[in-house]
Amino acid sequence: MYYVELMLNGLLVGSLYSIVALGFVLIYKASEVINFAQGEFVMFAGYVIAFWILSLDFNIVVAAFLALVVMVLVGLLVEWAVLRHLIGRPVVAVIMATIGLASFLQGTAQLLFGVETRTVPLPIDDYPIFIGDLLLNRIELVAAVFAGLGFAAVGWFFVKSRYGIALRAIADDQQVSLAMGINVKTFFGIAWAIAGVVALVGGVFWGNASGVDTQLALIGLKVFPVVILGGLDSIIGALVAGLIIGLVESLAAGFLDPLVGGGTKDLTPYVLMILVLMFKPYGLFGEKIIERV
Amino acid sequence: MLTLNNIEVIYDNIILVLKGVYLHVPEGRIVTLLGSNGAGKSTTLKAISGLLKSERGEVTRGSIEFQGSRIDRRDPSDIVKLGLAQVFEGRRGFEHLNARENLIAGAHTNRDWRQVRDDVDRVLTYFPRLGERISVQSGYLSGGEQQMLAIGRGLMSRPKLLMLDEPSLGLAPMLVEEIFGILKRLRDEESVTILLVEQNASLALSIADEGYVLENGKIVLQGRADELGENADIKEFYLGLSEAGARKSFRDVKHYRRRKRWLS
């Protein structure tokens, strides 16, 4: 029973890893750039929603909606102010820009909202749910539902909608996309806006679990093995890898920690990542580079 | 329909690639632009479709007019909406998209979803082979299928003028014939005007109505396709025929090269 419970809780936490990883994947899919500020996006979203609720006393629905608008604007602004000017430049330049962006977001969030740690209050009972003998965290359950919805929406958008097709086309060949009349800049904006929205889901629930301050941005690093494991450009990969990492972490904490005295929880994701990379260098679901001979 | 008035193109503010290219494509015709490697053929097409900016090139002199309006300062997406489509050299499919998604991406400027679906079917009637492989990632299609897909994708924006950059590149002769046959049908049945850039001069001249020869960024020769085919210089330098019109034999290769008459 203890074993099943560990697994379930691991999966629930894993779904939250997945949704944060999705932010990385979105940006990579559209522009082949790893956004090192994705963790800061999550942090910023946490600050924003905490501000609406705690300082202005909005109810959670209104606050979430306003935060959504803010995150869309942040995404568009980042694309317009920074990324747009780097189209066609070396990837390293773009990566450095996202690292700079990370510092900028940390500083701005503290300037605007203050430095003290706060918690995003959620109107959800923290009394656990019992299913038979299983003990489940109610908030994590709700979080998993939202993460699932986020994945369904983004997945549909990318695979089925015309705009998703256009975004994937841009990822394959920017110049040809331009010639098809696809406005590359607009679509980069859309990708960043969606990444902002996705970060909001992470910001709300991680902000509730571990509090909102600049430490929250570390979630970006925490999720990095998930992104690599699943494949940098795979949505389904982010989902599966998030769940796997959540599961492995939870099991490691339950079984290995008592044996060695702790610490395996943080180690196992990276070990797993390295193992997978040895056999599948594009990650579990990453797009292979197609070469014709 | 399309007129280039002595355009000059400069890359990176310093490299002069086109030095006064003029070109006129009348409606409903196939016009071919011939020339060897590096003559500036692809640059000419990119100047027309507005893609130079993405390669840090610029039209510095002259003008490009399409159906009476100037297009040389406009965005590529505007130009597509006006009815100009480009099929790239080397096919350039969206590799990770399947064939159908490639076609849909080509119709990006068309807001009417039902029309887009009909257009996919219409393209497939021209390229039935694509229909069989419609849900294969296009990177895994054969070279000929990829070229068909590239042309089909170009047609999806319902262009009035289709520009093709070396559609014969790297394809087996039979496939090339098939594709060129389809180009002729497009002109006759869909009244699509075609600007065809080719290195394979005899093939291009066989289906074109008019031709231009580009060399070192300048138009050096122009005329009706059948007349160009008879031109002694064209025969010598582009068709590989000796002056008598027979296939050149290596037994009597001369020690000097014929001087191009247009250089004097």
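Buried means under 20% relative accessible area, exposed means over 50%, and partly exposed lies in between (1.4 Å probe, protein chains only). Keep that in mind for the exercises below.

The model is predicted, and local features need pLDDT of at least 70, side-chain atom pairs count only at pLDDT 80 or more, while totals for chains, interfaces and linings use all residues. Residues are numbered from 1 along each chain as its sequence is written, chains are lettered from A and ligands numbered from 1 in the order in which they are written, and side-chain values use heavy atoms, with hydrogens and water left out.

**Exercise 1. Describe the overall build of chain B.**

Step 1. Begin with burial: of the 264 residues of chain B, 56% count as buried.

Step 2. Turn to the dimensions. The C-alpha trace of chain B spans about 60 × 40 × 30 Å along its principal axes. A compact globule of 264 residues would have a radius of gyration near 18 Å, and the 19 Å of chain B agrees with that. Here the radius is taken over C-alpha atoms, and the globule rule is 2.2 Å times the number of residues to the power 0.38.

Step 3. Count the elements: chain B has 10 helices and 10 strands. These are DSSP runs numbered from the N terminus, with helices (H or I) of at least four residues and strands (E) of at least two.

Step 4. Look at the contacts, meaning heavy atoms within 4.5 Å. Among those in chain B between residues at least 6 apart in sequence, 67% join residues at least 24 apart.

**Exercise 2. Work out the antiparallel sheet of chain B and find its edges.**

Step 1. Recall that strands of a sheet pair through backbone hydrogen bonds, either parallel or antiparallel. Two strands pair here if DSSP finds at least two bridges between them.

Step 2. Set out the order. This open sheet has 4 strands, β2-β1-β4-β5 (chain B), with antiparallel pairing. At the edges stand β2 (15-25) and β5 (69-70) of chain B; each has a single partner strand, so one side of each is left without a neighbour in the sheet.

Step 3. Place the helix. Helix α1 (residues 41-49) of chain B packs on the sheet and touches β1, β2 and β4 (57-66) of chain B; its direction makes about 110° with that of β1(B). Axes are lines fitted to C-alpha atoms, for helices over the stretch in contact, and angles run from 0 to 180 degrees between N-to-C directions.

Step 4. Follow β1 (residues 2-11) of chain B, which 8 bridges join to β2(B). Across that pairing, Leu2(B) stands opposite Val25(B) and Glu8(B) opposite Lys19(B). β1(B) also pairs with β4(B) over 8 bridges, where Leu4(B) faces Ile64(B).

Step 5. Check the turn and the cover. The hairpin of β1(B) and β2(B) has 3 residues between the strands, and Asp12(B) takes a positive phi near 50° there. In β1(B), 8 of 10 residues are buried.

**Exercise 3. Trace the mixed sheet and locate Tyr212(B).**

Step 1. The order is β6-β7-β8-β3-β9-β10 (chain B), an open sheet of 6 strands with mixed pairing. Its edge strands are β6 and β10 (218-224) of chain B, each pairing on one side only, and the twist averages 15° from one strand to the next.

Step 2. Take one edge: β6(B) runs parallel to β7 (residues 161-165) of chain B, with 4 bridges. In this pair, Gln86(B) has Met163(B) as its bridge partner. Helix α6 (residues 143-155) of chain B lies across β6 and β7, at about 170° to β6(B).

Step 3. Find Tyr212(B) in strand β9 (residues 210-215) of chain B. With a relative accessible area of 4%, Tyr212(B) is buried. Tyr212(B) and Val31(B) are 181 residues apart in sequence, yet 7.8 Å apart in space, C-alpha to C-alpha.

**Exercise 4. Decide whether His96(B) is buried or exposed, and list its contacts.**

Step 1. His96(B) is found in the loop between β6 (84-87) and α3 (99-106) of chain B.

Step 2. Its relative accessibility is 13%, so His96(B) counts as buried.

Step 3. Leaving aside neighbours within four places in sequence, His96(B) is in contact with Asp172(A), Glu287(A), Lys288(A), Ile290(A) and Gln137(B).
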